[in-house]
Amino acid sequence: MSAGTEQRWIVLGADGRHVTLGRIEPSEAEIAAASDALAAQGLSGWLVRMRGEYYSRGKVTLAPLQRIGAPHDADWQAALAAFHAARQRATH
């Protein structure tokens with residue numbers, strides 16, 4: 001897989017914080033564990049498929065797959081903007 005088509009699954013918090021789950025699709029048990037860990041802290045977010053290389057200056061795309069963690073009505077666009085701001089700080 002080339003750098004432009006790298007794919008990984010991440011947990012994206014409503015505030016833009018994120019963590020990688022891996023490069024292969026997580027199992028239902030892994031998703032449930034991530035959701036429970038967020039909920040235990042009163043946090044919410046999404047399971048997301050990310051395409052593109054995180055540490056390059058190229059574009060990455062995020063596709064929300066499901067809401068996880070505490071029940072929420074968090075704004076996807078705000079979380080996405082916060083993610084991109086955090087990524088820019090990490091790569092510059």
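This is a short dialogue on reading the sheet, the salt bridges and the largest pocket of a predicted model.

Student: Let's start with the sheet. What holds strands together, and what order do they take here?

Tutor: Strands of a sheet pair through backbone hydrogen bonds, either parallel or antiparallel. In this predicted model, an open sheet of 4 strands runs in the order β2-β1-β3-β4, with antiparallel pairing. Neighbouring strands are turned by 30° against each other on average, direction ignored.

Student: Which strands stand at the edges of the sheet?

Tutor: β2 and β4 (61-69) do. Each has a single partner strand, so one side of each is left without a neighbour in the sheet.

Student: How many bridges join β1 to β3?

Tutor: There are 7 bridges between β1 and β3 (residues 44-51), and the two strands run antiparallel. To find the register, take G13: its bridge partner in β3 is G45. β1 also pairs with β2 in the antiparallel sense, over 4 bridges. There, V11 has V19 of β2 as its bridge partner.

Student: And how many bridges join β3 to β4?

Tutor: That antiparallel pair has 8 bridges. For a marker, R49 stands opposite A63 in β4.

Student: What lies between β1 and β2?

Tutor: A turn of 4 residues, which makes the two strands a hairpin. Check G16 in the turn: its phi is positive, about 95°.

Student: How do I read the two faces of a strand?

Tutor: In a regular strand the side chains alternate between the two faces of the sheet. So list every second residue, then ask what is buried. For β1, one side carries Q7, W9, V11 and G13, and the other carries R8, I10 and L12. These residues are all buried, and both faces of β1 are covered.

Student: What does that say about β1 as a whole?

Tutor: 7 of the 7 residues of β1 are buried, so the strand is largely enclosed by the rest of the structure.

Student: R8 is charged. Which residue forms a salt bridge with R8?

Tutor: E6 does, and the closest N and O atoms of the pair are 2.5 Å apart. Both R8 and E6 are buried. E6 counts as buried because its relative accessibility is 13%, and the cut-off is under 20%.

Student: Which other residue meets E6 in a salt bridge?

Tutor: R23, at 3.9 Å from N to O. R23 sits in the loop between β2 and α1, while E6 is in the segment before β1, so this pair links distant parts of the chain, 17 residues apart.

Student: Is R23 buried or exposed?

Tutor: R23 counts as exposed, at 56% relative accessibility. E6, R8 and R23 are linked in a network of salt bridges.

Student: How many salt bridges does the structure hold?

Tutor: It holds 3. One of them joins D15 and R17, at 2.7 Å from N to O. D15 is partly exposed, with a relative accessible area of 43%. R17 is exposed, at 52%.

Student: Now the largest pocket. What is its volume?

Tutor: About 220 Å³. It is lined by 15 residues, and those closest to its centre are V11, G13, R17, L38 and L43.

Student: Which elements give two or more residues to the lining?

Tutor: β1 (7-13), β2 (18-22) and α1 (28-40).

Student: How do the lining residues divide by type?

Tutor: Into 9 nonpolar, 4 polar and 2 charged.

Conventions: Residues are numbered from 1 along each chain as its sequence is written. This is a predicted model: local features need pLDDT of at least 70, side-chain atom pairs count only at pLDDT 80 or more; totals for chains, interfaces and linings use all residues. Side-chain values use heavy atoms; hydrogens and water are left out. On a 1 Å grid over the protein atoms alone, a cavity is a set of points where a 1.4 Å probe fits but cannot get out, and a pocket is an open set with protein on both sides within 12 Å along at least five of seven lines; lining residues have an atom within 4 Å of a point. Grid points are joined across faces, edges and corners, and a volume is the space filled by probe spheres set on the points. Ala, Val, Leu, Ile, Met, Phe, Trp, Tyr, Cys and Pro count as nonpolar, Asp, Glu, Lys and Arg as charged, and the others, Gly among them, as polar. Buried means under 20% relative accessible area, exposed over 50%, partly exposed in between (1.4 Å probe, protein chains only). Two strands pair if DSSP finds at least two bridges between them. A salt bridge is a side-chain nitrogen of Lys or Arg within 4 Å of a carboxyl oxygen of Asp or Glu. Axes are lines fitted to C-alpha atoms, for helices over the stretch in contact, and angles run from 0 to 180 degrees between N-to-C directions.
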